[in-house]
Each structure stands twice: as C-alpha cells, then as structure tokens.
Amino acid sequence: MADIQGSYDDLFTAVPGALSALLDEGDAGASVAVFVDGEPVVDVWGGFADADRTLPWRRDTITNVWSVTKTMTALCALLLADRGDLDLDAPVGRYWPEFAAAGKEKVLVRHLLSHTAGLPDWEGPVEELYDWPSATARLAAQAPQWEPGTAAGYHSLTQGFLVGEVVRRITGRGLGEFFAEEVAGPLDADFRIGLAAEHDHRVALSVPPPSHDEDYTAGAAGGKASPGAATPIRVRDGNSVAWRRAEIPAGNGFGNARSVALVQSVLACGGTLHGTRLLSRAGCDLARQEQFSGEDRILGTPMRWGLGYGLFDSLYGWGGSLVVIDPANRMTVAYVTHQMREPSADNRGLEMVMAAYEGLQGLRV
C-alpha cells in the first residue's frame, strides 16, 4: 500500500486508507483533512508532488485547488454582508456602476454568488485573465445570456472576477489581499489566492488525466468542456507562472487539505474558530440559503445553489478538489489533489467524505 504521512484519530482510519487506495490506483499525490469542532482529526498526505514522481508530497506542499477557490471568495462576500457593508439584494451597479450596462441593471449581488447572473462564459483571451482591470471591464460590458435570476449556469471563471470586483469597490482591496488580511491571516491558514514567487518551490503542478497531456481542458461532470463561446483553459495555462501570479478568485487558490478545511471550518463551527470570530451564526446560515434549484445550463445536471456554495441535502461545499461542510456535526472534509481525472468518472472526493463519516459515527457514539 502507498505510504501515507501525517496524523489521524484512530476512529478515522478509513480516510488514510481511502487515500492510500487512490495512490495505489495511480494517482500522483494528494492530501486529506477532516476537522471536527474546528480541530483536525485527520491531516494526511501521500504520493508525489511532480508528474515524474520523483519529489515526495510533503506537509507543506500546496497546489492549485481550482474551483474550491470559489468557497474562499464566497466567504469574503459573506463577511462583508454580515458586517453590513454589502447588501446581497442590491443591484451590482450600486457598487460597480460600470457593470450596469448591456441589460445588467437588474443583476443583484446574490445572482453573482448563485451562478444566476447570466455571465457564465469567459470569452476573452486567456492572457486577459491575468490583468484584473481588463478582465473586469470585459465582463462589465458583456450582455447576460438569460434574464438574471431566472436560470443558473455555472460561472466557472467569471464568478471570481464578478464577486471580487464588488469586494474591491467596497473595501479598496483586491480579493486576494482582503482574503489574506481578513480570513487567512487571523486563522493562520496556508492558503492564497494568487501566489508569490517565494512559494513556487512548494507547488505541485496539476497532472492531466492518464492518456492526456497539458493541452487537456477540463469540463464539469455531465457538462461541456467548452461551453458556448467560452475560452478553454488548458492544464498548461493553470501550470503557468502567469496564472500563479495573477488573481483569479474562481480558480487560482493555492493550498492543501489542511488549509482548506481550516478556513471552511469557520462555517461548520458557527462563525467562530479558535477564539477568532469571523461571522455571526446568521452570517454562516446565508451560505445555505437556497437561490436556485433545477438544471444548471452549463453543468447539464440538477443543482441547488446557495450563496457561493453548492447545496447537497444538509451539506454544502464545492469542488475542483473538494470541500464539504456539515454544520450539524461541526465537521469539514477537504480533499486536495493535483491529479486530474475525467470529471464524469471522478468520485474521489465523495469517497473521502464517506470515509470521514465512518469515523464520525464512532466519534459521536
């Protein structure tokens, strides 16, 4: 069996066992963390940090978590809403006047968070993603694909710029800076949106699925790899220095399972973690406030969207890697890997969540 490093409570042995099995099946490397009551009951990692499998995945290895970044961006918006600085029912144009063009006057802030704004596709060149003013100006000028609020379509890349620009207009700080100062810093979490060169040596670059190279472009499970006029994002784009240095708050967060679980445990624990209060309980509950239920036009599958999170029965979270939050049990499960698989056949995160619940049953007896 693959060697697993780290620590775990004896009740949660199914989690490192599941990780070991995935590595035995061919995955390059990954980390898994389970937090209960804000404390780690699982913090493990294994495998390799490079495609050639020469560099071991270490405790401080980080990787691009892709769409898990959206949960960090959403948390920033929820903080501002909880403080009274952001009205979720306000038109986006109240904070970002240039946005109220091309039929977007009635787009509300909550539409941005729930993928119902009608702006799901990034239609510009990849290089423009690395320039915040250009990216946000393009989106401000774009017309919605449907009447905002009436349908949902996963805003894979655009959501981060849309929410991030609202945060910037309110606070005067970029989303990455705001997250660092208001969330990661107070929690001492090793997670960043955009990455400075000093951390490059810790990065495990994304590994495309078996039989694919770095020109591979990932679509969502059940969805289209290149929806509409959207610009496809290749693995090589996500592995580039330009991608790391930019601020792409829907998809270029860098961390590991420990840091993801730590941050999102704020929501699992009612807004206060290790004596640091980030949100009220009511502010936490906003994340689970259903905004849409039905077929997502981009994902091509039934979805329930909250404010920045996918809703799954009593759980919520999202993936690229994966994070799941269970407020009833005050538990957060995070699975972070650089090994990509075809989305339609990828149940790895779910396997980790199920393994975590095996341990939780013993813990709550």
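Helices here are DSSP runs of at least four residues, numbered from the N terminus. The model is a predicted one, and in it Gly149 sits in the loop that links helix H4 (132-141) to helix H5 (158-171).

Before going further into that loop, a look at the whole protein helps. It holds 11 helices and 15 strands. Along the principal axes, the C-alpha trace spans about 55 × 45 × 40 Å. The radius of gyration is 19 Å, which agrees with the value near 21 Å that a compact globule of 365 residues would have. Of those 365 residues, 58% are buried. Contacts often reach far along the chain, too: taking pairs at least 6 apart in sequence, 68% of the contacts join residues at least 24 apart.

Back to the loop. Gly149 has a relative accessibility of 38%, and because buried means under 20% and exposed means over 50%, Gly149 counts as partly exposed. Leaving aside residues up to four places away in sequence, Gly149 touches His111 and Thr116. Another glycine, Gly84, lies 65 residues from Gly149 along the chain, and the C-alpha atoms of the two are 23 Å apart.

Next come the helix pairs. Two packed helices are described by the angle between their axes and by the distance between those axes. Helix H2 (residues 69-83) appears in two such pairs, one with H9 and one with H6.

With helix H9 (residues 257-268), H2 packs at an angle of about 40 degrees, and the axes are 11 Å apart. That angle is neither under 35 degrees nor in the 65 to 115 range, so H2 and H9 are oblique to each other. The crossing of H2 past H9 is left-handed. On the H2 side, the contact is made by Thr71, Met72 and Leu75, while H9 brings in Val260, Val263, Gln264 and Leu267. Sorted by character, the residues of this contact come out as five nonpolar, two polar and no charged.

With helix H6 (residues 175-187), the angle for H2 is about 70 degrees and the axes are 10 Å apart. Angles of 65 to 115 degrees count as roughly perpendicular, and H2 and H6 are therefore placed in that class. Once again H2 makes a left-handed crossing, this time past H6. Here Met72, Thr73, Leu75, Cys76, Leu79, Leu80 and Arg83 of H2 meet Leu175, Phe178, Phe179, Glu182 and Val183 of H6. The residues of this contact divide into nine nonpolar, one polar and two charged. Met72 and Leu75 of H2 take part in both contacts, with H9 and with H6.

Methods:
Residues are numbered from 1 along each chain as its sequence is written. This is a predicted model: local features need pLDDT of at least 70, side-chain atom pairs count only at pLDDT 80 or more; totals for chains, interfaces and linings use all residues. Side-chain values use heavy atoms; hydrogens and water are left out. Axes are lines fitted to C-alpha atoms, for helices over the stretch in contact, and angles run from 0 to 180 degrees between N-to-C directions. Angles under 35 degrees count as roughly parallel, over 145 as roughly antiparallel, 65 to 115 as roughly perpendicular and the rest as oblique. A crossing is left-handed if the near helix is turned anticlockwise from the far one by less than a right angle, and right-handed if clockwise. Contact means heavy atoms within 4.5 Å. Ala, Val, Leu, Ile, Met, Phe, Trp, Tyr, Cys and Pro count as nonpolar, Asp, Glu, Lys and Arg as charged, and the others, Gly among them, as polar. Buried means under 20% relative accessible area, exposed over 50%, partly exposed in between (1.4 Å probe, protein chains only). The radius of gyration is taken over C-alpha atoms; the globule rule is 2.2 Å times the number of residues to the power 0.38.
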